[in-house]
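Here is a small set of exercises to work through with the model open beside you. Try each task on your own before you read the solution.

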Amino acid sequence: MKFPDLQIQTPNAEALRLAAELLRAGEIVAIPTETVYGLAANALDAGAVRKIFEAKGRPSHNPLIVHVPDSAAARRLTADWSVDAEALAAVFWPGPLTLVLKRGAVSVPDIVTAGGDTVALRCPQHPVALQLLQLCGFPLAAPSANRSNAISPTTAHHVAMSLGGRVPLIIDGGACAAGIESTVLDLTDTVPKILRPGSITAAEISRVLGRKVLAAPAKGTVDEGLPAKPLASPGMLSTHYAPDTPLFLVSRTELRRLLQQEPAAADAQAGVMLLSSRGEMGGEELETWVVVCMPPSPEAYAQRLYAELHHLDALGLRAIYCERPPTESAWAGVNDRLSRAAQRG
Ligand code: TXA
Ligand code: MG
């Protein structure tokens with residue numbers, strides 16, 4: 001269905017009532033969470049969930065996260081709400097941790113789990129999302145509210161740019177605090193395993209469980225290298241979770257060399273995402289580049305990452321050179337997203 005009259009509403013009582021009404025009627029609604037904006041539908045209604053896949057252009061084999069108001073609601077959807085699940089929910093919920101558990105006999109329809117026998121559950125830490133879950137009384141399936149493979153949205157404006165015309169209502173809850181998607185933790189095996197790193201780290205989870213947690217294979221630690229020559233036209237390459245503009249992860253040394261060697265902005269400008277202040281790089285060299293100075297802490301970096309990528313991508317630059325952040329585990333979530341943004345096929 002197309003929705004020419006897109007509504008973006010501030011989250012007052014009336015807007016929340018309208019959102020709950022739409023969701024109850026089997027519609028989709030974009031909602032804020034603390035990580036990124038989600039495209040929500042009643043997780044118990046297969047027809048409603050199908051609309052999420054259609055609006056996003058998402059392949060049906062990619063399962064959705066189910067959002068619940070509390071651990072009691074989560075427990076009802078799983079066959080094995082374990083001691084580990086209970087301990088993690090007690091510490092991290094509401095919050096950016098998704099738990100993958102065995103699906104219950106009475107659970108969400110197949111379309112949510114892509115036919116699999118596990119279900120991904122999380123309780124979001126955003127007052128609007130929580131109020132809406134309470135109002136609805138049913139769980140909400142919600143992937144990030146962007147077209148499949150595009151950059152995730154951290155503002156209502158990002159959602160409108162990506163899904164405008166495909167969603168009847170966006171609730172504007174301001175900019176997301178965490179800024180990258182939740183940590184996804186698989187609890188179905190003997191050893192808990194991180195499937196997607198996020199702002200809750202393997203070390204934090206391990207501390208709560210009192211045992212080892214398998215971290216996701218480190219991405220962004222391999223040097224993707226620079227192109228042999230500057231790319232003629234951004235947007236020619238197929239991208240994954242990525243800006244249309246080619247993005248290259250580079251060390252500070254490489255960046256310095258690049259800034260000295262590259263002819264300044266002959267045809268199109270390039271963007272540079274620096275860690276910390278531009279002063280350290282020598283202000284003059286940077287004059288002909290579009291420069292973004294990213295904050296030095298992983299939390300603050302994550303919060304701004306997608307907004308800066310959206311911003312730089314809209315400028316039609318020939319490339320974005322991003323200074324590679326540290327490889328410490330606290331940066332795992334950021335490095336994972338950057339390496340995906342840099343991945344080109
Ligand atoms: O922070 C978040 O998690 C955001 C907000 C809206 O809650 N949601 C989000 O959803 O990022 P999405 O669909 O963009 O990413 C969900 C990830 C995908 O990588 C998906 O494959 C994985 O979670 N996932 C979902 N269900 C799963 C399952 N049963 N087993 C393993 N992975 C699952
Ligand atoms: Mg997504």
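**Exercise 1. Find the residues that line the largest cavity, then sort them by class.**

Step 1. The lining of the largest cavity consists of Ile31, Ala40, His67, Pro124, Ala129, Leu133, Leu140 and Ala142. A cavity here is a set of points, on a 1 Å grid over the protein atoms alone, where a 1.4 Å probe fits but cannot get out, and lining residues have an atom within 4 Å of a point.

Step 2. A word on the ground rules: this is a predicted model, in which local features need pLDDT of at least 70 and side-chain atom pairs count only at pLDDT 80 or more, while totals for chains, interfaces and linings use all residues. Residues are numbered from 1 along each chain as its sequence is written, chains are lettered from A and ligands numbered from 1 in the order in which they are written, and side-chain values use heavy atoms, with hydrogens and water left out.

Step 3. Sorted by class, the lining has 7 nonpolar, 1 polar and no charged residues. The classes are these: Ala, Val, Leu, Ile, Met, Phe, Trp, Tyr, Cys and Pro are nonpolar, Asp, Glu, Lys and Arg are charged, and the others, Gly among them, are polar.

Step 4. The volume of the largest cavity is about 30 Å³, where a volume is the space filled by probe spheres set on the grid points, which are joined across faces, edges and corners. The count comes to 1 cavity of 30 Å³ or more.

**Exercise 2. Describe the largest pocket: its volume, its centre and its lining.**

Step 1. The volume is about 980 Å³. A pocket is an open set of grid points with protein on both sides within 12 Å along at least five of seven lines.

Step 2. Of the 42 residues that line the largest pocket, Arg58, Asn62, Pro63, Ile65 and Arg196 are the closest to its centre.

Step 3. Now look for elements that give two or more residues to this lining: they are β4 (65–67), α5 (110–113), β6 (118–122), β10 (193–196) and α11. Helices (H or I, at least four residues) and strands (E, at least two) are DSSP runs, numbered from the N terminus.

Step 4. β6 gives the most, with 4 residues. By class, the lining divides into 18 nonpolar, 14 polar and 10 charged residues.

**Exercise 3. Do the same for the second largest pocket.**

Step 1. Its volume is about 360 Å³.

Step 2. Among the 16 lining residues, Ala150, Ile151, Met161, His310 and Asp313 lie nearest the centre of the second largest pocket. The elements that give two or more residues to this lining are α7 (156–163) and α10.

Step 3. With 4 residues, α7 gives the most to the lining of the second largest pocket. The class split is 5 nonpolar, 8 polar and 3 charged.

**Exercise 4. How do α10 and α11 pack?**

Step 1. Helix α10 (residues 298–313) packs on helix α11 (residues 332–342) at an angle of about 25°, and their axes are 10 Å apart. Axes are lines fitted to C-alpha atoms, for helices over the stretch in contact, and angles run from 0 to 180 degrees between N-to-C directions.

Step 2. α10 and α11 are therefore roughly parallel to each other. Angles under 35 degrees count as roughly parallel, over 145 as roughly antiparallel, 65 to 115 as roughly perpendicular and the rest as oblique.

Step 3. From α10, Pro298, Tyr301, Ala302, Leu305, Tyr306 and Leu309 meet Val334, Arg337, Leu338 and Ala341 of α11, where contact means heavy atoms within 4.5 Å. This contact has 9 nonpolar, no polar and 1 charged residues.

**Exercise 5. Which word describes the packing of α4 and α8, parallel or oblique?**

Step 1. Helix α4 (residues 83–92) and helix α8 (residues 202–209) make an angle of about 120°, with axes 10 Å apart. α4 and α8 are therefore oblique to each other.

Step 2. Asp84, Ala87, Leu88, Val91 and Phe92 of α4 make the contact with Glu204, Ile205, Val208 and Leu209 of α8. By class, that contact has 7 nonpolar, no polar and 2 charged residues.

**Exercise 6. Locate the cis peptide bond.**

Step 1. The bond joins tryptophan 93 and proline 94, with omega about -10°.

Step 2. Proline 94 sits in the loop between α4 and β5 (97–102).
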